[in-house]
Amino acid sequence: MGYKAHYSLDWNNEFPVAYTVRPANENEKLHFKALASKAKKRFPNARWHIADSQYSSKKLRRFVKERLKGRPVIPKRENERRGEEDFYVGKLFRSHGKLVMCKLYKRRTACERMNSRAERLIGRNTLRGLKKVKAYTGIALTLMLLIASASYKNRKPHLARSIEYYASH
């Protein structure tokens, strides 16, 4: 059994806001509320909560609207009933439905890019134990934030997401 890191990020700058590490065999929906709540505390003005169709459920949409006072940007799965406000992602990974929602959903690629950077830092390690994996993930995400901070401090904001630049200099 392995572990999986779940992130919440600010998609404007692609930096982590909150994270958790859980056993990989647990359903991702179980961690959405706690992670989104933690992110909302850090960014109280957050309006849009973007997630993939794995998180599609009435309960989570209601949670985002009522508890987080935001708008869920979560595509419906193909087997779910869709209304005017809803959208879905087709087999070719193209979103269909309300144009505003489809455009917002494209921002989800920021999460994929951040995952990619985190994986480059973390690597495919064979750490054992949830505590060790959480600590290692926390160090990697902190390193990402330190790289961004150093970039802005050195007046090189275009390098804020460049792990390779700082690893080679």
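A residue is called buried here when its relative accessible area is under 20%. Keep that cut-off in mind for Arg61: its relative accessible area is 11%, so Arg61 is buried. One caveat before going further: what you're looking at is a predicted model.

Where does Arg61 lie? It's in helix α2, which covers residues 58–66. Leaving aside residues up to four places away in sequence, Arg61 touches Ser56, Pro72, Ile74, Pro75, Lys76 and Glu80.

Now zoom out to the chain that holds this arginine. It has six helices and six strands, and reading along the sequence gives you the pattern β-β-α-β-α-β-β-β-α-α-α-α. The radius of gyration is 17 Å, close to the 15 Å that the globule rule gives for 169 residues, so the chain is as compact as a globular protein of that length. If you'd rather think in box dimensions, the C-alpha trace spans about 50 × 40 × 35 Å along its principal axes.

Arg61 has company in being buried: 37% of the 169 residues fall in that class. As for the contacts with a sequence separation of 6 or more, 45% of them come from residues 24 or more positions apart. On the outside, the accessible surface comes to about 11,300 Å², and carbon and sulfur atoms account for 51% of that.

Next, have a look at how two of the helices pack. Helix α4 (residues 109–122) and helix α5 (residues 130–153) have axes that come within 9 Å and cross at roughly 115 degrees. The crossing is right-handed. On the α4 side, the contact is made by Met114, Arg117, Ala118, Leu121 and Ile122, while α5 brings Tyr136, Thr137, Ala140, Leu141, Leu143 and Met144. Sorted by class, that contact has nine nonpolar residues, one polar and one charged.

Finally, a couple of backbone oddities. Most residues other than glycine have a negative phi. Lys69 goes the other way, with a positive phi of about 55 degrees although it's not a glycine. You'll find Lys69 in the loop between α2 and β4 (71–73). Is Lys69 buried or exposed? Exposed counts as over 50% relative accessible area, and Lys69 is at 62%, so it counts as exposed.

Arg155 is another such case: its phi is near 60 degrees, again a positive value in a residue other than glycine. This arginine lies in the loop between α5 and α6 (163–168). Its relative accessibility is 76%, so Arg155 counts as exposed, whereas Arg61, back in α2, is buried.

Notes: Residues are numbered from 1 along each chain as its sequence is written. This is a predicted model: local features need pLDDT of at least 70, side-chain atom pairs count only at pLDDT 80 or more; totals for chains, interfaces and linings use all residues. Side-chain values use heavy atoms; hydrogens and water are left out. Axes are lines fitted to C-alpha atoms, for helices over the stretch in contact, and angles run from 0 to 180 degrees between N-to-C directions. Helices (H or I, at least four residues) and strands (E, at least two) are DSSP runs, numbered from the N terminus. A crossing is left-handed if the near helix is turned anticlockwise from the far one by less than a right angle, and right-handed if clockwise. Contact means heavy atoms within 4.5 Å. Ala, Val, Leu, Ile, Met, Phe, Trp, Tyr, Cys and Pro count as nonpolar, Asp, Glu, Lys and Arg as charged, and the others, Gly among them, as polar. Buried means under 20% relative accessible area, exposed over 50%, partly exposed in between (1.4 Å probe, protein chains only). The radius of gyration is taken over C-alpha atoms; the globule rule is 2.2 Å times the number of residues to the power 0.38. Accessible areas come from the Shrake-Rupley method with a 1.4 Å probe; for residues, only the protein chains shown count as cover.
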